[in-house]
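Hi,

Here's the structure I said I'd pass along. Have a look at it first, and my notes on how the pieces pack are underneath.

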Amino acid sequence: MKVAQYIVKSFVDNEVKFVPGLLGDTVLDILDAIRDEPRLRYIAVRHEQSAAHMSDGYARASGKTGAVIAHRGPGVANMVTALGTAFKDSIPLVLISGNLEREKQGRDAWQELDAISLLKPVTKWNFQVTRAEQLPRVMRMAFHRARMGRPGPVHIDVPKDLAREEIPQVIEFFKSDGQYFSQCSPDLEAVKKAADLLLSAQRPVIVVGGRAGWSVVNPALTEVCDWMGIPVVCTASARGIVADDHPLYFGVTAAHYGDRTAEEAVRSADVILALSFDFDDVHTLDWNLITPLHKIIQVDPDPAELGRQFPVDIAVLSDPGMFMRELWCTVVGMRSRATPTARVRQLRELWHLEMKEFFDVPMDSAPVRMQRVVKDCSDLLGRDAIVCVGAGWHTSFMTKVPIYQPRHQIHAVTGLGSMGYVFPASLGAKLAHPEKKVVCLVGDGDFLMVSQDLETAVREKIPVVVAVLNDFAFGVLRVFQSAFYQGRHIGCNLSNPRFDDFARSFGAAGARVENPSEFKPALEKALKTDVPYVLDVLINPEEPYYRMKDQQEFFSLTEK
């Protein structure tokens, strides 16, 4: 078996079904091998960044490891932002890059670039294969390292001439089902201490981070919440682990796109149980949400995270799902089922008031307001829909669209927060779940960075619904310049095409929404269509920024 064929075999053995990429001469042997494998589908994209983002979206939605292929030099360089996104958000990807023939490397050849050094800061592990007999071991390690402990992207570099060589002896390693695994069980004494601390708490809260989604935390998490009456909040990437309509769920904690009730639940707590929660600046209001008065139980499979941002009272090195199952078995024998406390009732009142105030704005006059988009999406999208939210002005509104299941929201503003992410990621989510409705809520500036891959969606028959929330600007920065730079706009205003016509030029469907009453029927029609569908939604460019004061504080903005 040749090296290229074994790479394809490894993809199949690890339950990879789709491999996005952009061809180049250094990967032609691998692509040729893919043609002979009916269980693997190659998705040709129009930009390498889109390929890696698509694979990222597939991994987030499916819970499996994504794979992607890139040509040397500029192909690898175009992957950096996408791999940085996956690295910051702990998404398991395996990148196979082609490279020059071994004898040409190090001689400043055409398109030569040190891919290993370039990608080292944005990958968990990378390796250049130099001998054919290395490949079976390296491919096994690649998928293992991508999933193990704290997931993340890995990179394997394969010289062009090596891809054609025969492997002297093919060693059959164990096959994987492609799922995340940690095998890091908690110390039972630490679980007992955590249970004692939670039971003695007057105002406990559970904070769930996005990496907890790679573990099976439910049903144990909701059983503990229900039994002990503990409020639960999450980060944007953890939405759906506890359904939005669960009576003890109180929203997203985030500096500029979260929910005030969630922040109050954390701020007023005396004990915090953090499940794969990184205590980063966004989700702790620039580290001001946590004080020395908080007692912290931190559970994480990554030892580097334990106590990294704040001192913790109990540090538990464990898969969060395994910890929660042990915690559930412990607490159920230590106390009877709790009744709702005055604090929980207060948080519910605050949550209902926050939602009421959010929607208590005029929504029937043009142009379309963000709250109208949220309301109509909430009415139309079922519990099974996957909602993908891009980076931009609309982000601070769209966390109000309810999510009911794990892996059913893909959110750009988490780790790296890059624009150009969410549209290709939504294509990956649809590939993972062709039976589900996938809606991409994206700004005009964000969409136009990767809109060429609308052709990919049409050619590959990936029927996502894209609602372009169009204010003809990089809206966040225009709002900031209006508020803090005396309206001195520079670099923020855009001239856009009609996105419905733009979509039709690629063979997709499209519609323009100018009045609020048009959005719901247009979205309903788009959801019933079996081709990619783009809604050009003209939103109010002067929309007051939701949580403007919090934005000002987080970005350290002052009036000139």
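Helices H3 and H5 are roughly parallel to each other, because the angle between them is under the 35 degrees that counts as parallel. Keep in mind that this is a predicted model. The angle comes out at about 25 degrees, and the axes of H3 (residues 48-62) and H5 (residues 80-89) are 8 Å apart. From H3, Gln49, Ala52, His53, Asp56 and Arg60 make the contact, and they meet Thr81, Ala82, Thr85, Ala86 and Asp89 of H5. By type, the residues in this contact are 3 nonpolar, 4 polar and 3 charged.

Next, the H1 and H2 pair. H1 (residues 3-13) packs on H2 (residues 28-35) at about 55 degrees, with 8 Å between the axes, and that makes H1 oblique to H2. Their crossing is right-handed. Here Ala4, Gln5, Ile7 and Val8 of H1 meet Asp29, Ile30, Ala33 and Ile34 of H2. That contact splits into 6 nonpolar residues, 1 polar and 1 charged.

Then there's the sheet. It's an open one with 6 strands, paired in parallel and ordered S14-S13-S15-S16-S18-S17. S14 (409-411) and S17 (509-513) are the edge strands with a single partner each, so one side of each has no neighbour in the sheet. From one strand to the next, the twist averages 15 degrees.

At the S17 edge, S17 pairs with S18 (residues 533-538) in the parallel sense over 5 bridges. Arginine 512 has aspartate 536 in S18 as its bridge partner.

Finally, helix H15 (residues 422-432) lies across S13, S14, S15 and S16, and runs at about 175 degrees to S15.

Cheers

Key:
Residues are numbered from 1 along each chain as its sequence is written. This is a predicted model: local features need pLDDT of at least 70, side-chain atom pairs count only at pLDDT 80 or more; totals for chains, interfaces and linings use all residues. Side-chain values use heavy atoms; hydrogens and water are left out. Axes are lines fitted to C-alpha atoms, for helices over the stretch in contact, and angles run from 0 to 180 degrees between N-to-C directions. Helices (H or I, at least four residues) and strands (E, at least two) are DSSP runs, numbered from the N terminus. Angles under 35 degrees count as roughly parallel, over 145 as roughly antiparallel, 65 to 115 as roughly perpendicular and the rest as oblique. Contact means heavy atoms within 4.5 Å. Ala, Val, Leu, Ile, Met, Phe, Trp, Tyr, Cys and Pro count as nonpolar, Asp, Glu, Lys and Arg as charged, and the others, Gly among them, as polar. A crossing is left-handed if the near helix is turned anticlockwise from the far one by less than a right angle, and right-handed if clockwise. Two strands pair if DSSP finds at least two bridges between them.
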